[in-house]
Amino acid sequence: MQDFIARLIEESKRFLNERAQIDDDIGQEAAKFVAREIPAPSGTFEKSDSPLIRWIEDSAKHGSSETANLLKALKPALPFLPWKYNYELRADMPDLGNRMGWGEILGPEAPYHDEHFCFGFTLLGKNTLYPAHYHPATELYVVLSGHAEWTLDGVSKVRGPGEFILHPSNHVHSMQTRDEPLLALYTWSGEDVVTLSKYV
Ligand SMILES: [Fe+2]
């Protein structure tokens, strides 16, 4: 089972390495992950009992030829990622933890331990708003499957598979899915990858 996690890391690095050949803000962020040394895992990947499991099959159905290889590597790993939602609870959106979350592979609390860099996958169910939030870490996303509306600093755009999105440190951003779930790869870098997101 750990084998397909290792293959997923390798395929993720290959994917980001292509983008890292372009020397711009996104390319430089992608290059940080490519260069990151991945430690031996200190935890294991067990089958998840997260409520997000119900979205998993659908979540990988809306990819593109660009993301097909990475989705193929990701699919067998999806049920075993440590899916969680550990942000502050919101009285106005009590269902949020059942509709969105992330499975972190590398990070301060992930099976591959890294205090200064995170890498994982975010999943949003259909018709779900990931509300406006910010965090000190610089965040790079790659959409793997699903079209959704992405908003950064008040500017919204529909993004689809293969698109890269950079959220600079402490800039407010949100995502809204419609009739497709969203599956995306993310990385967090910078001085502080421990402080969680805060809602606006
Ligand atoms: Fe974010």
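**Exercise 1.** In this predicted model, determine which helix holds Ser 59, and establish whether Ser 59 is buried or exposed.

*Solution.*
Step 1. Ser 59 belongs to helix α3, which covers residues 56–59.
Step 2. The relative accessible area of Ser 59 is 0%. Buried means under 20%, so Ser 59 counts as buried.
Step 3. The side chain of Ser 59 comes to 2.8 Å from the backbone oxygen of Ile 56.
Step 4. When neighbours within four places in sequence are set aside, Ser 59 is in contact with Leu 78, Leu 123, Ser 145, Pro 181 and Leu 183.

**Exercise 2.** Identify the residues that coordinate the iron ion, and explain which parts of the chain the pair His 135 and His 173 ties together.

*Solution.*
Step 1. His 133, His 135 and His 173 each coordinate the iron ion through NE2, while Glu 139 appears twice, through OE. The distances run from 2.1 to 2.7 Å.
Step 2. Along the chain, the spacing of these donors is H-x1-H-x3-E-x33-H.
Step 3. His 135 is found in the loop between β5 (129–134) and β6 (138–145), whereas His 173 is in strand β10 (residues 173–177); the pair therefore ties together parts 38 residues apart in sequence.
Step 4. Both His 135 and His 173 are buried.

**Exercise 3.** Describe the largest nonpolar core: how many residues does it have, and which element supplies its largest share?

*Solution.*
Step 1. The largest nonpolar core has 37 residues. Those with the most contacts inside it are Ile 5, Leu 16, Leu 74, Leu 81, Trp 83, Ile 105 and Phe 121.
Step 2. Elements that each supply at least two residues of this core include the helices α1 (2–20), α2 (25–35) and α4 (68–74), and the strands β2 (100–107), β4 (118–124) and β11 (182–189).
Step 3. Helix α1 gives the largest share of this core, seven residues.
Step 4. Apart from this core there is a second, separate core of 21 residues, with Ala 148, Ala 184, Tyr 186 and Trp 188 among them.
Step 5. Ile 105 may serve as an example of packing. Not counting residues up to four places away in sequence, Ile 105 touches, among others, Ile 5, Leu 8, Ile 9, Phe 45 and Leu 81.

**Exercise 4.** State how much space lies in the largest pocket, and name the residues nearest its centre.

*Solution.*
Step 1. The largest pocket holds about 240 Å³ of space.
Step 2. Its lining is made of 17 residues, and Trp 102, Glu 104, Cys 118, Trp 188 and Leu 196 lie nearest the centre.
Step 3. At least two lining residues of the largest pocket come from each of β2, β4, β6 and β11.

Definitions and conventions
Residues numbered from 1 in each chain as written. Predicted model: local features only at pLDDT ≥ 70, side-chain atom pairs only at ≥ 80, totals over all residues. Heavy atoms only, no water. Helix = DSSP H or I, 4+ residues; strand = E, 2+ residues; numbered from the N terminus. Buried < 20%, exposed > 50% of the residue type's maximum accessible area, 1.4 Å probe, protein only. Polar contact = N/O pair within 3.5 Å; in protein donor to acceptor, adjacent residues only side chain to side chain. Contact = heavy atoms within 4.5 Å. Donors = N, O, S within 2.8 Å, 3.2 Å for Na, K, Ca; no water. Core = buried A, V, L, I, M, F, W, Y, C linked by side-chain atoms within 4.5 Å. 1 Å grid on protein atoms, 1.4 Å probe; cavity = no way out; pocket = protein on both sides within 12 Å on 5 of 7 lines; lining within 4 Å. Points joined across faces, edges and corners; volume = space filled by probe spheres on them.
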